[in-house]
Amino acid sequence: MRQPDSLRVDQRAEAGPYLSVSNLVVKFPSEDGIVNAVEGVNFSVTRGKTLAIVGESGSGKSVTALAIMGLVNRKSAKVTGEVWLDGEELVEKPDSGIRKLRGNKMAMIFQDPMSSLHPFYRVGAQLSEAARTHRKISKKAAREEAIEMLSRVGIPAPRRRVDDYPHQLSGGMRQRVMIAMALINSPALLIADEPTTALDVTVQAQIIDLIGQLQSEFNTAVVIITHDLGIVADIADEVAVMYAGRIVEHASTERLYASPEMPYTLGLLASIPRMDRETNRLDPIRGNPPSPLRHPDGCVFHPRCKYTDRVPNRACFEVRPELLESERNHLVRCHIPAEERRRIATSVLGAGTGGGAAIATAGAGGTGPAAPVGGPA
Ligand code: ADP
Ligand code: MG
């Protein structure tokens, strides 16, 4: 069989990424102008790994997820770029083709469980239906699977609960049912969009743990979306920070927490309370994200950045920075020279945060795209 190009060979390789997003752009035309929701996003996720996408509200996280799942209405939005899932390109795929994959090879859990649970049907019926949409199994077998799934997501007395209506369950339990629904066909890709935001802190931790457990059981590629860098440290392998529709920093979780570089990331990190750090607690990032109708020239973050004076020739105000490798597998979109970024990180977050790691690596790589590989996989 002839392969049209080498990219496709890569995408189909067993060990390659299961999901690969390349230059994804989503625009919504509106009466006030074009809403630039996603402005050229690139990332990939391998089975068994977790990528966290983090950023303030409005940064384009949900639209990115919805575009991958084929849930952005293509009549009202313009979606370009490529989304490769297990060797198939989805942006160009007709809706009927995507429906076959959604709930099967890829599934999504939302902040609000009621957006995927129907209020008038028993949870068991909804779970069985999800299984029977994609697989030829009997109603009885599907019901048994539903009970099994409820038990796996930690619903007590699943044989009784299977006949409950969603409103009979607590918020945390409904979230678990939604996870059960997303996982009933063992999707290889799970996207969780702020799955715990509506829940209290203890339940949040349980749900995050649960996603981690189910991931290792099913070898799922997970994309977890959150505005809170504090909750993903334990489960994410990599973190991509989004701002105004763009990824502004992307690194392994370890590296991102130890040696963040982009001033926006510093702001997010400084607002997490941490016991192990003697911080000069940062004031939250000043100002607000820009209107998606009109992103500022230069660096989209410049109106809120305190460090534009570190860059000559007003570049922050006039030149769009690229997402470049600062170190191997550490991508940063910022004009400030890397050495200076690391000094700023240390002064903002305190010694022991940026400090040690930055000093250890500064001599090894220096600035610019030095490493041969194309960023975090
Ligand atoms: P996040 O999930 O990071 O909070 P979103 O991805 O939901 O942000 O939204 C990104 C931007 O796109 C926001 O400015 C939002 O108002 C806009 N947006 C999202 N969906 C639509 C839509 N269907 N039509 C027009 N604008 C939209
Ligand atoms: Mg969102």
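The legends below describe several close-up views of a predicted model of one protein chain with a ligand.

**View 1. The whole protein chain, with the confidence of the prediction.** The secondary structure of the protein chain comes to 13 helices and 12 strands, and 45% of its 377 residues count as buried. Among the contacts in the protein chain with a separation of 6 or more, 64% join residues that are 24 or more positions apart. The mean pLDDT of the protein chain is 86, with 86% of the residues reaching 70 or more. Over residues 1-13, however, the pLDDT is below 50, and this stretch has nine contacts in the model beyond near neighbours in sequence. The pLDDT also stays under 50 over residues 354-377, for which the model has 41 contacts beyond four places in sequence. Where pLDDT is low, the predicted coordinates should not be read in detail.

**View 2. The surroundings of ligand 1.** In this view 13 residues surround ligand 1, and the closest are F28, A37, K61, S62 and V63. The elements that give two or more residues to this shell are the strands β1 (19-30) and β2 (33-45) and the helix α2 (61-68), and α2 gives the most, with three residues. Sorted by class, the shell around ligand 1 has five nonpolar, seven polar and one charged residues.

**View 3. Helix α7 and its packing.** Helix α7 runs over residues 171-183, and because its 13 residues should span 18 Å at 1.5 Å a residue, the distance of 18 Å between its end C-alpha atoms agrees with what is expected. Of these 13 residues 11 are buried, so α7 is largely enclosed by the rest of the structure; the buried ones include M173, R174, Q175 and R176 as well as A180 and L183. The buried residues of α7 pack against the strands β6 (106-109) and β7 (189-193) and against the helices α4 (123-134), α5 (139-152) and α8 (201-218).

**View 4. The largest nonpolar core, seen around A180.** In soluble globular proteins, nonpolar side chains tend to be buried together. The largest nonpolar core of this model has 104 residues, and those with the most contacts inside it are A180 and V241. Helix α7 gives the most to this core, with eight residues. If its neighbours within four places in sequence are left aside, A180 is in contact with L127, M149, L150 and V153.

**View 5. Two arginines, R255 and R294.** R255 is found in helix α9 (residues 253-258), and it counts as buried because it has 21 C-beta neighbours inside 10 Å. R255 and E238 are 17 residues apart in sequence, and their C-alpha atoms are 8.8 Å apart in space. R294, by contrast, has its place in the loop between α10 (263-270) and α11 (315-318), and it counts as exposed because it has 11 C-beta neighbours inside 10 Å. Although R294 and I34 are 260 residues apart in sequence, they are 8.5 Å apart in space, C-alpha to C-alpha.

**View 6. Positive phi values at A157 and R314.** Most residues other than glycine have a negative phi, and most peptide bonds are trans. A157 has a positive phi, near 50 degrees, and lies in the loop between α5 and α6 (158-161), where it is exposed, with 10 other C-beta atoms within 10 Å. R314 also has a positive phi, near 55 degrees; it is found in the loop between α10 and α11 and is partly exposed, with 13 other C-beta atoms within 10 Å.

Definitions and conventions:
Residues numbered from 1 in each chain as written. Chains lettered and ligands numbered in written order. Predicted model: local features only at pLDDT ≥ 70, side-chain atom pairs only at ≥ 80, totals over all residues. Near = placed C-beta within 6 Å. Helix = DSSP H or I, 4+ residues; strand = E, 2+ residues; numbered from the N terminus. Nonpolar A, V, L, I, M, F, W, Y, C, P; charged D, E, K, R; others polar. pLDDT = per-residue confidence, 0-100. Contact = placed C-beta atoms within 7 Å. Expected span 1.5 Å × (residues − 1). Buried ≥ 20, exposed ≤ 12 C-beta atoms within 10 Å, placed from the backbone. Core = buried A, V, L, I, M, F, W, Y, C linked by C-beta atoms within 7 Å.
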